[in-house]
Amino acid sequence: MTRLEMLLRGLAQREDRVVALQTALTACRALGPDNGGQGEMEKTCFIEACLRACGVSDLVRLDAPDPRVDSGVRPNLIARLSGSNSRTLWLFAHTDVVPPGDINAWSSDPWTVYRTGDVLYGRGVEDNQQAIVSMLLLAEELSASGISPALSLGLVFMADEETGSAYGLRHILAASPAMFHADDYYIVPDGGSPRGDSIELAEKGVLWVKVVVKGAQCHASTPQKGRNAFVAASAMVLACQERLHAVFHARDTLYDPPYSTFVPSKHEANVPNINTVPGEDIFYMDCRLLPQVTVDAVLAELRVVATDIEQQYGMHIETSIVQRQDATSSPRSHPVVMALQAAVAHVYAVEARPIGIGVATVAAFLRERDLPAAVWSCIDNSCHAPNEHASITSTIRDAQVFAHILMQAHD
């Protein structure tokens, strides 16, 4: 039996450990302060204790100061296990979760793991505890078996992914940029497909825009005395939809949908009463841009639309950027992609194909630093929903995929 086969067999016998870890992690209500919580300290301390218990001693904390939480910091934990090669396989998981939302929409207590067959239910079990557990299983099995992998293993447990990563991976990269090297492998198991057959290598650019339309308030019985900002804002929404999709019509089948999207989303309350014409109206747009579509080009077209609406309705329109992140991608031929495809084929018996997505992940922060990163896991994509769930089998198999990559040069 090869060392890889021994490692895979050992991981296959850890079903009870998956349940135990998920139960403990879910009980740690790791909500950031923006989501009404005290952060990730309890969960991170539990993870650190698990790693120390299995003999992992190369542990570093890169905590980010945050006076909004009682501990005063948002914890980031980095663990390393040495291999025969200094090249490192880095795995990234975030420790924070989102609130459960409507408790009545859940079939059970979201903070207490509930099991039905192979499936575990609870807030955070998929996003991102499936990855956390797979990473811990791998560390524990390597320690228990005494196997030295071909590659070194780096495990990063990050705070604050759900609300921007300023206290998480962004902080880690700023505090210790020399930790990561260009020839290392980077995998973020925070996205995927139910069959494990998608490797996310590219993300659309993200642009969130705030649009403020200013007219003149008056009594609704005499609308001619004012300028209805709500009407003008509605016209601008429709005009933006028509013009932006017409101008930026490029398609790329790597992505789903295969085109740039321009979605009116949030709308702020204008006036509290029905019989007043609003003099100000505010709405937001969520734009997801193909790599060939620049943020500056979109903003220029928005200005063209705004100018037309201003002239037509006698308004003043202001646009401002709420969030901006340029498109990022990793080469399809990068060794981490080849290694992932081979490992997924071995463990899941499927062919994993490269894809692009419209959602931003922390992989973008790595790619911005010329560190090619792939996003992969085998998940049902139940994150943020009531009755969030994760498969015990997939959690184990994900760990086996990572083990396969670790051992690829060994056997």
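This passage describes the largest pocket, the nonpolar cores and the cysteines of a predicted model.

The largest pocket has a volume of about 1000 Å³, and its lining comprises 44 residues, of which Glu161, Ile357, Val359, Ala360 and Thr361 lie nearest the centre. Helix H4 (129-145) and the strands S10 (198-203), S11 (205-214), S16 (316-325) and S18 (353-357) are the elements that each give two or more residues to this lining, with S18 giving the most, at 4 residues. By residue class, the lining of the largest pocket divides into 18 polar, 15 nonpolar and 11 charged residues.

The largest nonpolar core contains 64 residues, and within this core Leu51, Leu89, Leu155, Val401 and Ile405 touch the most other members. H4 gives the most to this core, contributing 9 residues. When residues up to four places away in sequence are not counted, Leu89 touches Leu151, Ser152, Leu153, Gly154, Tyr185, Ile187, Phe402, Ile405 and Leu406. Apart from the largest core lies another core, of 31 residues, which includes Ala202, Ala235, Val298 and Ile317.

With regard to the cysteines, the structure holds 0 disulfides. The sulfur of Cys45 cannot take part in such a bond because the closest cysteine sulfur, in Cys28, is 9.2 Å away, which is too far; Cys45 is partly exposed, with a relative accessible area of 38%. Cys54 is likewise in no disulfide, the nearest cysteine sulfur being that of Cys50 at 8.0 Å, and Cys54 is buried, with a relative accessible area of 14%.

Key. Residues numbered from 1 in each chain as written. Predicted model: local features only at pLDDT ≥ 70, side-chain atom pairs only at ≥ 80, totals over all residues. Heavy atoms only, no water. 1 Å grid on protein atoms, 1.4 Å probe; cavity = no way out; pocket = protein on both sides within 12 Å on 5 of 7 lines; lining within 4 Å. Points joined across faces, edges and corners; volume = space filled by probe spheres on them. Nonpolar A, V, L, I, M, F, W, Y, C, P; charged D, E, K, R; others polar. Core = buried A, V, L, I, M, F, W, Y, C linked by side-chain atoms within 4.5 Å. Buried < 20%, exposed > 50% of the residue type's maximum accessible area, 1.4 Å probe, protein only. Contact = heavy atoms within 4.5 Å. Disulfide = S-S within 2.5 Å.
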